[in-house]
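Work through these exercises with the structure open beside you. Try each task before you read its solution.

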Amino acid sequence: MLNELKQREAEGHPIDVGIVGLGSMGLAIAYQISITPGMRLSFVADRDITRAQEAAALYGKFVVATTDCIAALEDDKIHCDVLVEATNSIVDAYDYCMAAIARKAHCVLMNAEVDLVLGFLLRVAAKEKGVIVTSDAGDQHGVLSRLIEEIEMWGFGIVQAGNMKGFLDRYRTLNGSIEIAKSMKLSPIQCLAYTDGSKLNIEMSIISNQYGLAPEVPGMRGPRAEKVQDVFDVFDFASGIHGSVDYILGAKQHGGGVYVVAFCENELQHWYLDYYKVANRHPYYLFFRPYHLCHFETPRAIALAALYGKSVCTMKKGRIADCYAYAKRTLKAGELIRHGIGSDEIYGMINSSLIADRNGCIPQALLESEDSTERPRIKGEIDIDTPLTWEMIDLPRTRLVDLWNQQERMLKNSSALTAY
């Protein structure tokens, strides 16, 4: 990959990249592209023109800075081979991606929300135009996907795909997130979605849908662990329950890493893996990466799409799991849900879609109201930690819900997923 990028650089034929969403990650991606051979930033877009101008300054060369991503994508004079979607929106992100797809540009999603919620629609549209919509390579689910595929190539079975989370407080509020958000250069809403576990559950839902791995319980088990090797003590892999997603809480020495527990009965392989000092309780083996580097790794996803037409993650197994809404506190009749993801009212937990949909549970993201001035309203009192159902909520008619329903109808067509 690197040699091909260097060759493109030498030939003056770089991959043209556009970025929309210039928060902490978007700004960093703009800089990273400036030092990646064979890539060129063609435009940067954000609703706040000062953010776009800051990204242009970080890039350090000529680039179009704009508040209108769709206009940039519709402008034939602005070249774009790949769009990096790095906003926190869902409906707007969908529109940006569809505009990129219409001009036959690939899409890299550093936006797990639009990926999970409307990713199937986007990928079918992309297939029709011969382009790729992919998860980012630097998010934890992107790093985990790369690790899983390498392990499967060795001939091992996947027992558990896991995330390492340093801190979790399901009941954290927006007010309680302001100071830490400032220190992390995030909005309080973003920070809250990380802290209350919603983001973790969204990302692990994508992994479920990529590999057919389901959570054993709603929200996963998430036991505490001092170090990642403790997975052999805090999970019972010999119970016969194989093929799950989960996480460990703590293990701060490893940072924001990921791990995979794999199965291999072969005694020859066992001898070699012992020799290579791979942590194991035969026939279970632990492989992990103690970090994910976000924007540093985004160019990998860009290059995979533009050079090879390959993706990092596409949710190819279908809607195996989703992230559903739970009451963060006792909710009173008439109360409004101000935010769906990063909320004072609800948090999100992964569950098997087959089970949760049968019980009428509502996906967390559908309680977002970014495209509407109305807000979902609670019909009657709901106890803390109760899963929210469609019947419990007066849900305004939003474009997000309409798009999600369109996708649900598409997924009922058995041939839909084979389209990509």
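**Exercise 1. Two acid–base pairs**

Task: Decide whether D115 is buried or exposed, then find the salt bridge that R123 forms.

Solution. Keep in mind that this is a predicted model.
- Step 1. D115 has 0% relative accessibility. The cut-off for buried is under 20%, so D115 counts as buried.
- Step 2. R123 pairs with D115 in a salt bridge. Their closest N and O atoms are 2.9 Å apart.
- Step 3. The limit for a salt bridge is 4 Å, so a gap of 2.9 Å passes.
- Step 4. R123 is buried too, because its relative accessible area is 2%.

Task: Find how far apart the closest N and O atoms of E335 and R329 are.

Solution.
- Step 1. The closest N and O atoms of E335 and R329 lie 2.7 Å apart, and the two residues form a salt bridge.
- Step 2. R329 has a relative accessible area of 31%, which makes R329 partly exposed.
- Step 3. Elsewhere, salt bridges with shared partners link R319, D322, D357 and E408 into one network.

**Exercise 2. A bridge between distant parts**

Task: Explain why the pair D92 and R47 ties together parts that are apart in sequence.

Solution.
- Step 1. Side chains of opposite charge can pair when their charged atoms come close.
- Step 2. D92 and R47 meet through their side chains in a salt bridge, at 2.0 Å from N to O.
- Step 3. Place both residues. D92 sits in helix α5 (residues 91-102), while R47 sits in the loop between β2 (39-45) and α3 (49-59). The pair therefore ties together parts 45 residues apart in sequence.
- Step 4. Check the surroundings. D92 is partly exposed at 23% relative accessible area. R47 is exposed at 67%.
- Step 5. Now count over the whole structure: a search finds 21 salt bridges.

**Exercise 3. The chain as a whole**

Task: Work out why the chain is as compact as a globular protein of its length.

Solution.
- Step 1. Take stock of the secondary structure: the chain has 15 helices and 17 strands.
- Step 2. The chain's radius of gyration is 21 Å. For 420 residues the globule rule gives 22 Å. The two values are close, so the chain is as compact as a globular protein of that length.
- Step 3. Along the principal axes, the C-alpha atoms fill a box of roughly 60 × 60 × 45 Å.
- Step 4. Of the 420 residues, 57% are buried.
- Step 5. Look at contacts between residues at least 6 apart in sequence: 75% of them join residues at least 24 apart.
- Step 6. Turn to the surface. The chain exposes about 18,000 Å², and carbon and sulfur atoms supply 51% of that area.

**Exercise 4. Unusual backbone angles**

Task: Find which residue a cis peptide bond joins to H282.

Solution.
- Step 1. The cis bond joins H282 and P283, with omega about 15°.
- Step 2. P283 lies in the loop between β12 (280-281) and β13 (284-289).
- Step 3. P283 is buried, at 18% relative accessibility.
- Step 4. Beyond its neighbours within four places in sequence, P283 contacts A262, F263, C264 and E265. P283 and C264 are 19 residues apart in sequence, yet 5.2 Å apart from C-alpha to C-alpha.

Task: Compare the places of K185 and D385.

Solution.
- Step 1. K185 is not a glycine, yet its phi is positive, about 60°. D385 also has a positive phi, near 70°.
- Step 2. K185 is in the loop between α8 (178-183) and α9 (188-195). D385 is in the loop between β16 (377-378) and β17 (393-394).
- Step 3. K185 counts as exposed at 67%. D385 counts as partly exposed at 32%.

Definitions and conventions
Residues numbered from 1 in each chain as written. Predicted model: local features only at pLDDT ≥ 70, side-chain atom pairs only at ≥ 80, totals over all residues. Heavy atoms only, no water. Helix = DSSP H or I, 4+ residues; strand = E, 2+ residues; numbered from the N terminus. Buried < 20%, exposed > 50% of the residue type's maximum accessible area, 1.4 Å probe, protein only. Rg over C-alpha atoms; globule rule 2.2 N^0.38 Å. Contact = heavy atoms within 4.5 Å. Areas by Shrake-Rupley, 256 points an atom, 1.4 Å probe, with all protein chains shown as cover.
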